Amino acid sequence: MDPAYKTVQTAEKAHHHQPIRFGFSLRYRFDDRWSVESGLTYTRLSADITNTVDGQTTATEQRLNYIGIPLNVQYLMWGSRYVNVYVAAGGLVEKMVKGSRTTQGTSNSVSIHPLQVSVNGALGAEFKFTEGLSLYAEPALNYYFDNHSAIPTFYQEKPLNFNLNLGLRFNLK
């Protein structure tokens, strides 16, 4: 066999970890039932990527950091003095602000220029400490649209996913 015609065997496998997201939110009530909510989020996506070329394997750690702006509409289904139950729907626009890939101690910057857009739906419950501050829990379903990035992400691998949002909410009105 002529060595010039040797076929190179390559394979890449990515193991994406569950995203970690935190942020703050503000809600404005239009009336007794309807409100709008927005804020600022930080999301960290991480993955372990294995590349194999002709039997030689290298491991790469990928870390992507995003800043996002959510916008949701909420409808109050039931409420009392201390507890509210509601449904919510909306979207999130995220911009990757910093990314890196580290292979064998060498780190390289990566960037994703297209914005990451997603839509969501949630069923939520909140405990009101005061009229201006509440603790909430929202099981939610998210769908992440393909932004055609060449960098593999959790959003590309699992565009439809379930998550649980927990946090403090500031109520403006």
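Is Glu 37 buried or exposed? In this predicted model, Glu 37 counts as buried, at 6% relative accessibility, and this residue is a good place to start a tour of the charged interior. The side chain of Glu 37 meets that of Arg 169 in a salt bridge, with an N to O distance of 2.4 Å. Glu 37 belongs to strand S3 and Arg 169 to strand S9, so the contact ties together parts that lie 132 residues apart in sequence. Arg 169 is buried as well, because its relative accessibility of 0% falls under the 20% cut-off.

Arg 169 has another partner. A salt bridge joins Arg 169 to Glu 126, where the closest N and O atoms are 3.2 Å apart. This pair links distant parts of the chain, with Arg 169 in strand S9 and Glu 126 in strand S7, 43 residues apart. Glu 126 is buried, with a relative accessible area of 2%. Glu 126 also forms a salt bridge with Arg 29, the closest N and O atoms being 3.9 Å apart. Here the link runs between strand S2, which holds Arg 29, and strand S7, which holds Glu 126, over 97 residues. Arg 29 has a relative accessible area of 19% and is buried. A network of salt bridges connects Arg 27, Arg 29, Glu 37, Glu 126, Glu 138 and Arg 169. The model has seven salt bridges.

Turning to the pockets, the largest holds about 490 Å³ of space. It is lined by 26 residues, and those closest to its centre are Arg 21, Thr 41, Tyr 136, Glu 138 and Asn 165. Strand S9 (160-171) gives the most to this lining, with six residues. By class, the lining has 13 nonpolar, nine polar and four charged residues.

The second largest pocket has a volume of about 180 Å³. Among the residues lining it are Arg 27, Arg 29, Asp 31, Asp 32 and Lys 128. Strands S2 and S4 each supply at least two residues of this lining. Its make-up is one nonpolar, three polar and seven charged residues.

Two loop residues deserve a look for their backbone angles. Most residues other than glycine have a negative phi. Gln 104, however, has a positive phi near 50 degrees and sits in the loop between S5 and strand S6 (106-109). Gln 104 counts as exposed, at 66% relative accessibility. His 148 has a positive phi too, of about 60 degrees, and is found in the loop between S8 and helix H1 (154-157). With 67% relative accessibility, His 148 counts as exposed.

Definitions and conventions
Residues are numbered from 1 along each chain as its sequence is written. This is a predicted model: local features need pLDDT of at least 70, side-chain atom pairs count only at pLDDT 80 or more; totals for chains, interfaces and linings use all residues. Side-chain values use heavy atoms; hydrogens and water are left out. On a 1 Å grid over the protein atoms alone, a cavity is a set of points where a 1.4 Å probe fits but cannot get out, and a pocket is an open set with protein on both sides within 12 Å along at least five of seven lines; lining residues have an atom within 4 Å of a point. Grid points are joined across faces, edges and corners, and a volume is the space filled by probe spheres set on the points. Helices (H or I, at least four residues) and strands (E, at least two) are DSSP runs, numbered from the N terminus. Ala, Val, Leu, Ile, Met, Phe, Trp, Tyr, Cys and Pro count as nonpolar, Asp, Glu, Lys and Arg as charged, and the others, Gly among them, as polar. Buried means under 20% relative accessible area, exposed over 50%, partly exposed in between (1.4 Å probe, protein chains only). A salt bridge is a side-chain nitrogen of Lys or Arg within 4 Å of a carboxyl oxygen of Asp or Glu.
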